[in-house]
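Got the structure open in your viewer? Let's walk through it one selection at a time.

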Amino acid sequence: MGKWYKHALQLCTSLFMVILCCFSCRETEVQEPQAIEEESYIYTVENRSKGYAGMSRMFATDSLLYMSWVEQVDTLAILKYATLDGTSWSAAETIAQGTDWFVNWADFPQIAVNNGYVFTHYLQKSAPDTYAYDIVFKIKNPTTGLWSEPRKLHTDSTQSEHGFVSVVPYKSGFMASWLDGRTTVNRPDSLRQMTVRAGIINTDGTLGQQWELDDRVCDCCNTDIANTPDGPVVVYRDRSEDEVRDISIVRMINEESWSIPETVHNDNWKIHGCPVNGPAVTMAGDQLAVAWFTAANNEPEVRLSYSINSSQEFGLAYPVNRGEAIGRVDVASDTLGNTYTICVDDNGLSSSLNLNAKSYEESTIINTQLTYFSAERASGFPQIAVFKDYLYISYTETDQESSDIKMIRIPLNQVEFLKRT
């Protein structure tokens, strides 16, 4: 796919919406979009320090959109959050800070909310080794307004990698998934494999039951988790003995155990190293939607697939973005079951942030290029959320001197297939 716009548009603040690009379930051609200019809604979380601000994560409730992010001043890392009521942002609140954190462009703090309780986490070094760090979490009590003391999410004490956390509300508390490296140390090389695990966190900060979901997975691709009518599901990049690293899914069964891992789609991407490109999942109406990046056969592509029976079977893998795709996907859905996928494309000296929207009832993909931003890894992983009839997309804009978080807000009724008559 060719470059869609000149690099001179890199600093534009216009939001581009596209004319419908239609293809049937059997047609997999991704067409170049034609754009029309619409009003844009862009918010910036001001970086009041002289350092770095990035790694934004969002969580939407009925009344508030929560966003967390990390600022850095020299060696000090500061985790903050704020809320948006649809009109204005609250004052930023510092959750935690430290000089012994592991701060990484691909492994970022998360935020989730359940009945007013706010869960966040950060990564704290456990040893001088580069990838020796723990997952530390805190929970804010809505009654007292106080944060709990920091505690480890995992129960082992190995000086190994723990991270790539995803979290959702679960019953009265939270359910989290993460990559766990406890089996990568003090074992023969043939048995040093990254695992993916899940566990319950109670609102008082205590830990509930924990499970190992898969004993051999890709080392540094993010996980994702979603609630379904039949319980939580976790998606992640798996790793076979012959180095095929496709996307797998596990689902909780009867609130007690987890299913055997199953492949979402057989891309057969064989790669001898971690691509740092995990999947994303959301409930789209009564369908479970999974989006991911693959480069099987040296053909980069972002794909989207659906299951209508709580992840037991997936249908066609829709091609969302091809050619110049470098992944970093996220996915969200609205109350009508329409699905919105964001991903990043390589445009040479810069990257482009793309929005791809699919209606619930049809095989229609709207492909929109939103903006350009830095190709550096510090630009991180953009995120998308649906809140009060708007799409909110947060991303990091960085250069040699500063790094700021920007947010694009798109009215749902400006997306072509949602326009009301």
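Start with β22, β23, β24 and β25: these four strands form an open sheet in that order, with antiparallel pairing. Strands here are DSSP runs (E, at least two residues), numbered from the N terminus, and two strands count as paired if DSSP finds at least two bridges between them. Strands of a sheet pair through backbone hydrogen bonds, either parallel or antiparallel. Now look at the edges, where β22 (280–284) and β25 stand with a single partner strand each, so one side of each has no neighbour in the sheet. From one strand to the next, the twist averages 20 degrees; the axes are lines fitted to C-alpha atoms, and angles run from 0 to 180 degrees between N-to-C directions.

Before you click further, a word on what you're looking at. This is a predicted model, where local features need pLDDT of at least 70 and side-chain atom pairs count only at pLDDT 80 or more, while totals for chains, interfaces and linings use all residues. Residues are numbered from 1 along each chain as its sequence is written, and side-chain values use heavy atoms, with hydrogens and water left out.

**Inside the sheet**

Select β23 (residues 287–294) and β24 together: seven bridges join them, antiparallel. One spot to label is A291, which stands opposite L304 in β24. Next, move across to β24 (residues 301–307) and β25, an antiparallel pair joined by four bridges. Here E301 stands opposite R322 in β25. Colour β25 (residues 318–322) by accessibility and you'll find four of its five residues buried, where buried means under 20% relative accessible area, exposed over 50%, and partly exposed in between (1.4 Å probe, protein chains only).

**On to β27**

Select T341, in strand β27 (residues 339–346). Is T341 buried or exposed? It is buried, with a relative accessible area of 1%. Show its surroundings: leaving out residues up to four places away in sequence, T341 touches A291, V302, L304, V320, D330, V331, N354, L355 and N356, a contact being heavy atoms within 4.5 Å. You've already labelled two of those, A291 and L304, as the facing pair in β23 and β24. The whole strand is mostly covered, too, with seven of the eight residues of β27 buried.

Which strands does β27 pair with? On one hand there is β26, joined to β27 by six antiparallel bridges; look for G327 opposite V344 in β27. The hairpin of β26 and β27 has five residues between the strands, and G337 takes a positive phi near 90 degrees there. On the other hand there is β28 (residues 350–358), which pairs with β27 in the antiparallel sense over eight bridges. T341 turns up again here, opposite N356 in β28. Three residues lie between β27 and β28 in their hairpin, and G348 in the turn has a positive phi of about 80 degrees.

**A second sheet**

Now select β13 through β16. These four strands form an open sheet in the order β13-β14-β15-β16, again antiparallel. At the edges stand β13 (162–170) and β16 (207–214), each with a single partner strand, so one side of each is left without a neighbour in the sheet. The twist averages 20 degrees from one strand to the next. Zoom in on β15 (residues 195–201), joined to β16 by five antiparallel bridges, and label I201 with its bridge partner L207 in β16.

**The spaces**

Turn on a surface and look for the largest pocket, which holds about 1,400 Å³ of space. Of the 48 residues that line it, A60, T282, A332, S333 and V386 are the closest to its centre. By class, the lining has 28 nonpolar, twelve polar and eight charged residues; nonpolar covers Ala, Val, Leu, Ile, Met, Phe, Trp, Tyr, Cys and Pro, charged covers Asp, Glu, Lys and Arg, and the others, Gly among them, are polar.

A pocket is an open set of points on a 1 Å grid over the protein atoms alone, with protein on both sides within 12 Å along at least five of seven lines; a cavity is a set where a 1.4 Å probe fits but cannot get out; lining residues have an atom within 4 Å of a point. Grid points are joined across faces, edges and corners, and a volume is the space filled by probe spheres set on the points.

Last stop: there are six cavities of 30 Å³ or more in the whole structure, and the largest has about 60 Å³ of space. Its lining includes M55, R57, F108, F381 and Y395.
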